[in-house]
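This report introduces one protein chain to a reader who has not met it before. The sequence and the model are shown first, and the description follows.

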Amino acid sequence: MTNESEIESGSVCGVMTSANSKVREPQQWFVMNAYKAEQRAEDSLRMARDIEYFIPKHYVLRTFHGRKERKLVPLIPNLVFVRARYARIEAFKQIHPYLRYATRKVDGMNRIMKVPDKEMADFIRVSKEREEELRYFRPGEVEIPRGMRVRVHGGSLDGVEGTVVKLTGHRDKRLVLQIADLVAVTIKVDPEMLEVIK
């Protein structure tokens with residue numbers, strides 16, 4: 001668990017938060033946990049107009065009173081991606097303490113998990129494609145080799161970057177995007193639309 005004093009000082013995520021700092025901190029995507037409070041987090045973040053957020057969701061069949069219903073639910077329980085300046089998120093967390101930074105061990109220290117803007121933008125774009133074309137995986141459910149990095153040209157995914165792999169049971173090519181070692185999403189693409197990134 002991350003030491004709160006480390007977070008507040010900015011030492012964990014490497015962001016200067018001192019009032020004397022003349023450098024304005026950048027907005028960036030942070031990986032957050034909202035333990036059993038995804039809906040509360042979404043409702044609160046929707047009201048905060050200066051904070052961007054994304055909660056990956058998918059449809060599942062649930063049975064209510066003997067009837068099956070298609071329900072949109074978070075893809076990974078508790079997971080919320082939030083984009084804002086570090087100081088703004090800190091202020092938001094003071095009011096909504098159930099929202100906490102997701103961390104990972106790096107060189108023996110807990111580091112706040114962040115996602116580059118381009119990687120996050122691509123993930124959001126792919127996630128908004130027709131659901132029947134998407135497949136989501138958690139780490140370990142599919143082995144994503146260090147394969148060919150490509151960029152899509154044309155169509156609704158123009159500019160999206162990822163790795164092309166061949167998945168068992170599929171004769172088509174699929175573009176794989178993995179976010180912060182948390183989730184991977186694949187979507188079918190036309191090989192003729194792909195440019196190899198060297």
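A residue counts as exposed when its relative accessible area is over 50%, and as buried when that area is under 20%. The model described here is predicted.

**Overall composition**

The protein chain has 198 residues, and 41% of them count as buried. Its secondary structure comes to four helices and 15 strands. Among contacts with a separation of 6 or more, 65% join residues that stand 24 or more positions apart.

**Two residues with positive phi**

Most residues other than glycine have a negative phi. His65 has a phi near 55°, a positive value in a residue other than glycine. The position of His65 is in the loop between β3 (57-64) and β4 (67-74). Because its relative accessible area is 84%, His65 is exposed.

Asn78 also has a positive phi, near 80°, and is not a glycine. This residue belongs to the loop between β4 and β5. Asn78 has a relative accessibility of 18%, and therefore counts as buried.

Asn78 is one of the residues touched by Glu38, together with Ile55, Pro74, Ile76 and Pro77, when residues up to four places away in sequence are left aside. Glu38 itself is found in helix α2, which covers residues 38-47. With a relative accessibility of 16%, Glu38 counts as buried.

**The nonpolar cores**

In soluble globular proteins, nonpolar side chains tend to be buried together. The largest nonpolar core in this model has 29 residues, and those with the most contacts inside it are Val31, Phe81, Val115, Met120, Phe123, Val126 and Leu175. Two or more residues of this core come from each of β1 (27-34), β5 (79-85), α4 (117-127), β10 (134-137), β11 (148-152), β13 (174-179) and β14 (183-188). The largest share, four residues, is given by α4.

Which residues does Val126 touch, not counting residues up to four places away in sequence? They are Leu134, Leu157, Val160, Leu177, Val185 and Ile187. Another core, of 19 residues, lies apart from the largest one and includes Tyr86, Tyr98, Leu99 and Tyr101.

Val31 is found in strand β1. Its relative accessibility is 0%, so Val31 counts as buried. Beyond residues up to four places away in sequence, Val31 touches Leu79, Val80, Phe81, Arg100, Tyr101, Ala102, Met113, Lys114, Val115, Ala180 and Leu182.

Phe137 is found in strand β10. This residue is buried, with a relative accessible area of 10%.

Val31 and Phe137 each take part in a pair whose members are separated in sequence, as the table sets out.

| Residue pair | Separation in sequence | C-alpha to C-alpha distance |
|---|---|---|
| Val31 and Ile112 | 81 residues | 7.6 Å |
| Phe137 and Ala184 | 47 residues | 5.2 Å |

**Helix α3 and its two sides**

Helix α3 covers residues 86-95, and its buried residues are Tyr86, Ile89, Glu90, Phe92 and Lys93. Seen down the axis of α3, these buried residues fall within an arc of 165°, so they line one face of the helix. The exposed residues Gln94 and Ile95 are carried on the face of α3 turned away from its buried side. Tyr86, buried in this helix, is also among the residues of the 19-residue core.

**The second largest pocket**

Rolling a probe the size of a water molecule over the atoms shows where empty space is left. The second largest pocket has a volume of about 210 Å³. Its lining consists of 13 residues, of which Lys57, His58, Leu72, Ser127 and Tyr136 lie nearest the centre of the pocket.

Strands β3 and β10 each supply at least two residues of this lining. The largest share, three residues, comes from β3. By class, the lining has seven nonpolar, two polar and four charged residues.

Strand β10 thus appears in two parts of this description: it gives two or more residues to the largest nonpolar core, and it supplies at least two residues to the lining of the second largest pocket.

Notes
Residues are numbered from 1 along each chain as its sequence is written. This is a predicted model: local features need pLDDT of at least 70, side-chain atom pairs count only at pLDDT 80 or more; totals for chains, interfaces and linings use all residues. Side-chain values use heavy atoms; hydrogens and water are left out. A nonpolar core is a set of buried Ala, Val, Leu, Ile, Met, Phe, Trp, Tyr and Cys residues joined through side-chain atoms within 4.5 Å. Buried means under 20% relative accessible area, exposed over 50%, partly exposed in between (1.4 Å probe, protein chains only). Contact means heavy atoms within 4.5 Å. The arc is that of the directions from the helix axis to the C-beta atoms. On a 1 Å grid over the protein atoms alone, a cavity is a set of points where a 1.4 Å probe fits but cannot get out, and a pocket is an open set with protein on both sides within 12 Å along at least five of seven lines; lining residues have an atom within 4 Å of a point. Grid points are joined across faces, edges and corners, and a volume is the space filled by probe spheres set on the points. Ala, Val, Leu, Ile, Met, Phe, Trp, Tyr, Cys and Pro count as nonpolar, Asp, Glu, Lys and Arg as charged, and the others, Gly among them, as polar.
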